[in-house]
Amino acid sequence: MDGDPRSVVVIGGGPGGLYAAALLARRDPGRDITVWERGAPDATFGFGVVLSDETLGGIEHADPVVYEALQDAFVRWDEIGITHRGRTLVSGGHGFAALDRRRLLDILQDRCAQLGVDLRFRTQAPPAAELAGRHDLVIAADGAGSATRTAHADVFQPTVTRHRNRYIWLAADIAFGTFRFDIAETEYGVMQLHGYPYARPTHGGPKAAASTVIVEMREEVWRAAGFDTLGERESAERCAKIFADALGGRPLRSNDSAWTAFRTVVCRRWSHGNTVLLGDAAHTAHFSIGSGTKLAVEDALALAACVEEQPGTDAALAAYEAERRPAVESTQRAAAASLRWFEQLAGYIDQPPHRFAFGLLTRSRRVTHGNLRLRDPAFVRTVEDEFGCPPGTPPMFTPFRLGATELRNRVVVSAMDMYRAQDGVPGDFHLVHLGARALGGAGLVMTEMVCVSPEGRITPGCTGLYTDEQAAAWRRITDFAHAESPGTVLGVQLGHSGRKGSTRLMWEGMDEPLPAGNWPLAAASPLPYRTGVSQTPAELDEDGLAAVRGQFAAAARRAANAGFDVLELHCAHGYLLSGFLSPLTNRRTDRYGGDLAARLRYPLEVFDAVRAAWPAGRPMTVRVSATDWAPDGTSPGEAVEIARAFAAHGAAAIDVSTGQVVADERPEFGRSYQTPYADLIRNTAHVPVIAVGAISSWDDVNSLLLAGRADLCALARPHLYDPHWTLHAAAEQGYAGEAAPWPLPYAAGSRKPPDGRDSTPKPRLSPGRAPSAGGVPPAARAPRAPGAHG
């Protein structure tokens with residue numbers, strides 16, 4: 001019977017389960033609440049727990065008693081120290097609070113006891129299905145290895161992903177003054193230490209200092225160093241020697257500590273009838289951006305609130321998941337980016353010191369250039385100086401040399417298909433569209449994919465460069481851009497649709513075949529893009545391969561005569577050349593199919609033919625899909641090798657996109673979700689890259705550039721929303737230099753118009769001595785920036 005849950009059972013006596021029990025008991029003392037915990041009251045994994053100010057604010061509002069107890073137990077600090085190659089850089093203004101995990105359990109256990117919760121320690125809970133039949137609500141807070149989730153996997157549909165690093169939780173009897181990140185370069189490979197204080201001796205408080213220490217490294221490094229053969233005590237001793245400087249020579253201690261690999265848990269559903277998952281049972285997020293305890297406590301807050309607000313258990317559990325899932329998924333995306341940064345640490349260690357530190361601080365993309373500048377402006381200024389930013393110049397407005405061509409800034413208008421051509425000829429729409437973006441200030445403005453043959457079009461509305469008439473129409477556009485916006489670099493993207501051609505215009509049905517007038521398709525292999533829907537392409541034979549190669553070269557010559565400055569070869573998104581690169585779409589048995597070298601052969605032949613036809617002084621770039629977002633597709637390692645191969649053949653930069661290769665892809669969408677692949681290629685293959693993919697703010701652009709994750713940033717939708725996005729980004733940052741010149745007719749609009757008249761009287765007299773009564777009102781005092789001291 002659905003209704004207010006009167007009988008509640010919690011499986012798992014960790015912080016999340018205990019706090020959920022306490023909150024539900026506090027809101028309704030008449031509830032019968034039981035917590036089952038198989039371990040002892042003081043049994044715990046790890047040592048310290050970090051909670052954010054946001055989480056603490058929710059705790060304070062929900063239960064002041066718990067909040068006050070936590071306040072008394074917290075160690076607070078606001079600095080992060082990064083030690084790399086004998087040099088420590090410190091950034092302030094961050095704000096952390098931590099406490100002993102055992103103390104947290106004590107506080108929550110005491111609160112549960114005060115509120116009448118039945119705590120059953122050293123007792124294995126019955127199966128959730130059995131409990132669900134006897135209780136109104138079952139809360140499964142039984143951890144990352146949740147037996148409840150496993151027993152009902154058909155309903156919860158979990159995905160558990162094991163990652164590449166090994167780590168171990170240890171502790172040191174020392175209170176670090178900062179959140180520490182120490183990098184050790186050993187004969188076996190790179191190792192890292194994450195450390196933070198959770199106890200400092202105080203009057204009436206803990207009598208001993210203590211810090212959590214997590215040691216982490218790639219699995220191959222872990223094995224090479226022999227950690228796979230060491231026990232708990234030996235591992236702690238070995239880690240203490242490796243990081244002796246960070247620890248001041250002190251030993252490390254363990255607590256049933258074991259080396260493990262982090263596993264990300266994602267569940268498609270969080271509830272099953274009257275049973276609901278909470279905390280690590282439902283989701284995990286890598287420890288490098290905050291503890292699972294934080295997420296579990298926030299889950300408990302939301303669940304208790306939804307039970308209070310909703311008319312019954314079913315509605316409460318639905319509301320709980322609807323509220324928490326977006327926040328958890330956002331955290332998991334940030335955690336994945338942070339985790340990936342540490343997995344790829346060896347690729348960053350040769351970076352200049354301030355860039356390395358900035359990259360570490362911004363690794364999750366939650367801390368940005370602008371955010372960090374508020375926290376610690378002096379630190380950010382040193383990073384900008386090292387990057388080469390002149391005073392007052394944001395990173396995005398520093399120039400970049402693409403081959404022999406200098407771009408005045410780092411912003412690219414990404415290639416965007418417009419589907420407005422007639423017989424492949426660009427018209428007035430393209431003149432206005434590209435002309436407006438050229439006037440908008442970006443350093444490089446790219447065309448849409450321009451097709452090399454009629455059969456290579458995606459739709460009847462796609463542009464081409466397979467006739468002289470088309471080339472003349474393009475010349476009209478490049479002449480306008482070069483004349484009216486001097487310094488703008490124009491790029492043309494050449495491509496062939498392959499198996500994704502002969503479809504309707506995007507707004508008429510994306511990837512849907514034409515209702516009539518279809519043309520034959522050709523591809524690497526005879527595989528339709530959408531089985532049962534799309535046309536099956538013919539496999540290109542040797543004659544067909546030679547013909548297409550010649551079409552690309554002819555289009556390149558026309559592009560040069562049309563006045564383009566940069567040429568990009570489209571080898572992404574499942575189009576013809578991308579179809580050769582991916583193992584999911586290339587099933588050939590000749591010399592163009594098989595291993596990666598064979599799959600690369602034809603795209604490289606086309607690149608070489610285009611490079612020979614394209615003027616030597618003008619740069620070429622290549623767009624690739626660095627992952628197919630599908631099992632057995634292009635791997636990150638293969639993406640790096642693909643980038644290396646094109647760079648070796650003369651590509652000035654790699655434009656790093658992802659996906660759109662197979663119809664059943666599962667992309668991990670989110671803010672700047674593709675940039676980790678650009679980062680990987682840039683810092684592994686050491687070739688210039690263009691990052692693209694949901695980069696939406698100038699703060700993101702500055703952050704990616706300054707951290708060395710990209711050399712250029714391409715933005716599409718922001719330039720559809722605002723053709724003058726780059727100029728407006730300059731104005732909003734107070735930049736008026738030569739890297740963002742306003743066209744003379746638009747110069748009067750270089751500052752945002754006022755929204756309205758402010759009639760508030762402005763202060764005219766500077767304060768002298770304090771008034772005899774009342775003093776200076778708080779609103780008149782200057783606010784302190786985050787992390788300011790005084």
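Me: What makes two rings of Phe, Tyr and Trp a pair, and how many aromatic pairs does the count come to in this structure?

Reply: Rings of Phe, Tyr and Trp, the last taken by its six-membered ring, pair if their centres lie within 6.5 Å. The model here is a predicted one, and by this rule the count comes to 25 aromatic pairs.

Me: How is a pair of aromatic rings described, and what does that look like for Trp77 and Tyr196?

Reply: A pair of aromatic rings is described by the distance of the centres and the angle of the planes. Trp77 and Tyr196 are 6.4 Å apart, centre to centre, with 10° between the planes, and because planes under 30 degrees apart count as stacked, this pair is stacked. Trp77 lies in strand E4 and Tyr196 in strand E12, so the pair ties together parts that are 119 residues apart in sequence.

Me: Are Trp77 and Tyr196 buried or exposed?

Reply: Trp77 is buried, with a relative accessible area of 7%, and Tyr196 is buried as well, at 6%.

Me: Which kind of pair do Tyr419 and Trp507 form?

Reply: Their planes stand at 80° and their centres are 6.0 Å apart, which makes the pair of Tyr419 and Trp507 edge-to-face. Tyr419 counts as buried at 10% relative accessibility, whereas Trp507, at 51%, counts as exposed.

Me: Where does the charged end of Arg457 sit, and where that of Lys500?

Reply: The charged end of Arg457 sits over the ring of Trp519, 4.4 Å from its centre, while that of Lys500 sits over the ring of Tyr575, 4.9 Å from the ring centre.

How values were computed. Residues numbered from 1 in each chain as written. Predicted model: local features only at pLDDT ≥ 70, side-chain atom pairs only at ≥ 80, totals over all residues. Heavy atoms only, no water. Phe/Tyr/Trp six-rings, centres within 6.5 Å; stacked < 30°, edge-to-face > 60°. Helix = DSSP H or I, 4+ residues; strand = E, 2+ residues; numbered from the N terminus. Buried < 20%, exposed > 50% of the residue type's maximum accessible area, 1.4 Å probe, protein only. Lys NZ or Arg CZ within 6 Å of the ring centre and 35° of its normal.
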